[in-house]
Amino acid sequence: MNGIRETVSGVPYAGPVLALAGLVLVAWLANWVVRRIVLRIVERMAMASSLKWDDALLSRGVLSRLVHVVPALIIATGVPLVAGLPEGLVLVVRNVALAYVALTIAIAISNLLDALNDIYVSRSTRANQRPIKGYLQLVKIVVFVLAIVIMIATLIDRSPLLLLSGFGAMSAVLLLVFKDTILSLVASVQLTGNDMLRVGDWIEMPSLEADGDVIDMALNTVKVQNWDKTITTIPTYRLISDSFKNWRGMQESGGRRIKRPLLIDQGSVRFLEPEERDRMRRIALIDEYLDAKRQELEAFNQKLLSAGKDPVNTRRVTNIGTFRAYVQHYLRAHPRIAQQMTLMVRQLEPGPTGLPLEVYCFTATVDWVEYEGIQSDIFDHLIAMLPEFGLRLYQAPGGADVAGALARLQDTGGNNDETTAAVDASATDVSAAAARPGVGSSTTAAPGGASRTGAGKGE
């Protein structure tokens with residue numbers, strides 16, 4: 001040691017440099033001991049423990065972040081003890097080390113808050129209903145603002161209270177900078193306090209092209225995973241200022257709505273002849289309906305005729321009324337239809353595409369795939385049953401129908417009588433094609449469409 005002192009005694013600043021190197025070496029050794037020995041012992045103890053909160057602290061890196069405080073404190077406390085260093089250099093090194101300590105502690109607190117959120121989500125059954133992530137993010141903002149104030153005050157060697165006193169004059173600027181954060185905080189309180197939104201809810205917000213499940217609720221944003229697996233990020237305050245639809249009520253009700261019409265060709269609607277009515281009695285679902293209807297109409301018509309009224313005023317059974325009764329009884333007997341919820345078959349206003357006969361009911365499941373299968377099976381059956389009642393679905397003629405009619409017209413040659421007959425036949429073909437049974441232009445169920453479920457009264 002004496003030789004080293006004699007060697008460096010003639011070199012300017014050699015002593016302070018060696019002292020600084022020794023200080024850095026001590027800080028590095030302390031960091032190595034804490035990280036390689038102390039931290040590993042703590043990690044093994046946490047892994048062996050049955051508690052869950054210590055695992056959350058380790059996974060979020062709270063302890064590993066605090067390890068950085070040790071070497072910074074050693075440098076901050078040891079650099080003033082190094083003799084021969086300029087006072088300005090000592091002040092700068094010490095202040096930078098203390099500012100780093102403040103930053104490290106702020107990051108550790110942020111990781112601690114993340115660990116608290118993980119513990120809350122994993123252990124609380126109300127985590128989806130009452131998320132605390134937004135409030136924890138607000139605490140993070142406060143922590144980092146205080147850390148920045150302390151760092152700046154440390155670097156310029158001034159009291160933090162001096163900087164805090166200047167925030168009053170900057171309040172207007174701060175309100176402008178943190179406008180979205182303040183609005184989001186108020187929105188988060190309203191959303192969670194009024195139970196308007198939870199993680200896992202299916203929401204629709206067409207103005208922002210959001211249609212899917214809520215996967216995350218933070219202070220400033222709400223993330224929605226759409227049905228095409230894209231992610232839409234919604235500012236939290238927009239959920240208060242704008243309207244959105246939450247389908248949680250449907251999911252909790254246990255039933256999903258079917259609201260879809262069959263477009264009936266109005267030219268196929270007619271009265272049923274007595275023999276047709278008797279023939280339809282073989283259909284088990286409407287035999288009792290036909291018997292009751294026959295007794296009702298016979299009693300009414302007998303009273304009408306005995307009063308001397310013209311027979312044209314008598315009441316008769318129609319094929320569409322019978323089919324409507326059949327659909328009603330079919331749905332009542334269907335095992336996958338929720339019988340305790342609204343169920344009806346109604347006629348809507350006729351239009352150029354036919355007479356809409358709307359089926360309005362709820363399935364006994366809210367699963368999307370099962371719902372679509374049940375709805376398809378029901379309409380497959382109803383479309384196939386229409387000819388039994390002498391009814392046809394409306395369907396516009398296709399290219400093949402028109403081409404066939406034109407081909408017949410050309411085959412007639414120049415014979416006027418044959419041409420007239422061909423034109424009549426072509427018109428008949430096109431009309432028949434228009435009334436051919438098939439899938440009408442009815443509303444179909446699609447992701448995000450109106451045939452997704454929601455409770456509502458019939459119109």
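Which residues line the largest cavity? In this predicted model, the lining of the largest cavity is formed by Pro131, Lys133, Gly134, Tyr135, Ser188, Leu191, Thr192, Met217, Ala218, Val222 and Thr236. The briefing below covers this cavity, the two pockets that head the list by volume, and three packed helix pairs: H5 with H6, H6 with H7, and H15 with H16.

**Cavities**

- Three cavities of 30 Å³ or more are found when the whole structure is searched.
- The volume of the largest cavity is about 80 Å³.
- H7 and H10 are the elements that each contribute two or more residues to the lining of the largest cavity.
- By residue class, the lining of the largest cavity comprises six nonpolar, four polar and one charged residues.

**Largest pocket**

- The largest pocket encloses about 340 Å³ of space.
- Its lining consists of 15 residues, and those closest to the centre of the largest pocket are Ile141, Val142, Val145, Leu174 and Phe178.
- Three helices each provide at least two residues of this lining: H7 (133-155), H9 (171-177) and H10 (179-193).
- H7 gives the largest share of the lining of the largest pocket, namely eight residues.
- In terms of class, 14 residues of the lining of the largest pocket are nonpolar, one is polar and none is charged.

**Second largest pocket**

- A volume of about 290 Å³ is found for the second largest pocket.
- Among the 19 residues lining the second largest pocket, Asn117, Val121, Lys133, Asp216 and Met217 lie nearest its centre.
- Two or more residues of this lining come from each of helix H6 (87-123), H7 and strand S2 (210-217).
- H6 supplies the largest share of the lining of the second largest pocket, six residues.
- The lining of the second largest pocket contains 10 nonpolar, three polar and six charged residues, whereas the lining of the largest pocket contains no charged residues.
- Lys133 and Met217 are named both among the residues nearest the centre of the second largest pocket and in the lining of the largest cavity.

**Packing of H5 with H6**

- Two packed helices are described by the angle between their axes and the distance between the axes.
- The axes of helix H5 (residues 69-78) and H6 come within 8 Å and cross at roughly 155°.
- With angles over 145 degrees counted as roughly antiparallel, H5 and H6 are therefore roughly antiparallel to each other.
- H5 and H6 make a left-handed crossing.
- On the H5 side, the contact involves Val69, Ala72, Leu73, Ile75 and Ala76; on the H6 side, it involves Val93, Arg94, Ala97, Leu98, Tyr100, Val101, Thr104 and Ile105.
- The contact of H5 with H6 is made up of 11 nonpolar residues, one polar residue and one charged residue.

**Packing of H6 with H7**

- The axes of H6 and H7 cross at roughly 175° and come within 9 Å.
- The pair H6 and H7 is therefore roughly antiparallel.
- Residues in the contact of H6 with H7 fall into 17 nonpolar, four polar and three charged.
- H6 and H7 also both give two or more residues to the lining of the second largest pocket.

**Packing of H15 with H16**

- Helix H15 (residues 319-333) packs against helix H16 (residues 368-385) at an angle of about 150°, and their axes are 12 Å apart.
- This angle makes H15 roughly antiparallel to H16.
- The crossing of H15 past H16 is right-handed.
- Phe323, Tyr326, Val327, Tyr330 and Leu331 of H15 meet Ile378, His381, Leu382 and Met385 of H16.
- Eight residues of the contact of H15 with H16 are nonpolar, one is polar and none is charged.

Note on methods:
Residues numbered from 1 in each chain as written. Predicted model: local features only at pLDDT ≥ 70, side-chain atom pairs only at ≥ 80, totals over all residues. Heavy atoms only, no water. 1 Å grid on protein atoms, 1.4 Å probe; cavity = no way out; pocket = protein on both sides within 12 Å on 5 of 7 lines; lining within 4 Å. Points joined across faces, edges and corners; volume = space filled by probe spheres on them. Helix = DSSP H or I, 4+ residues; strand = E, 2+ residues; numbered from the N terminus. Nonpolar A, V, L, I, M, F, W, Y, C, P; charged D, E, K, R; others polar. Axes fitted to C-alpha atoms, helices over the stretch in contact; angles between N-to-C directions. Parallel < 35°, antiparallel > 145°, perpendicular 65-115°, else oblique. Left-handed = near helix turned anticlockwise from the far one by under 90°. Contact = heavy atoms within 4.5 Å.
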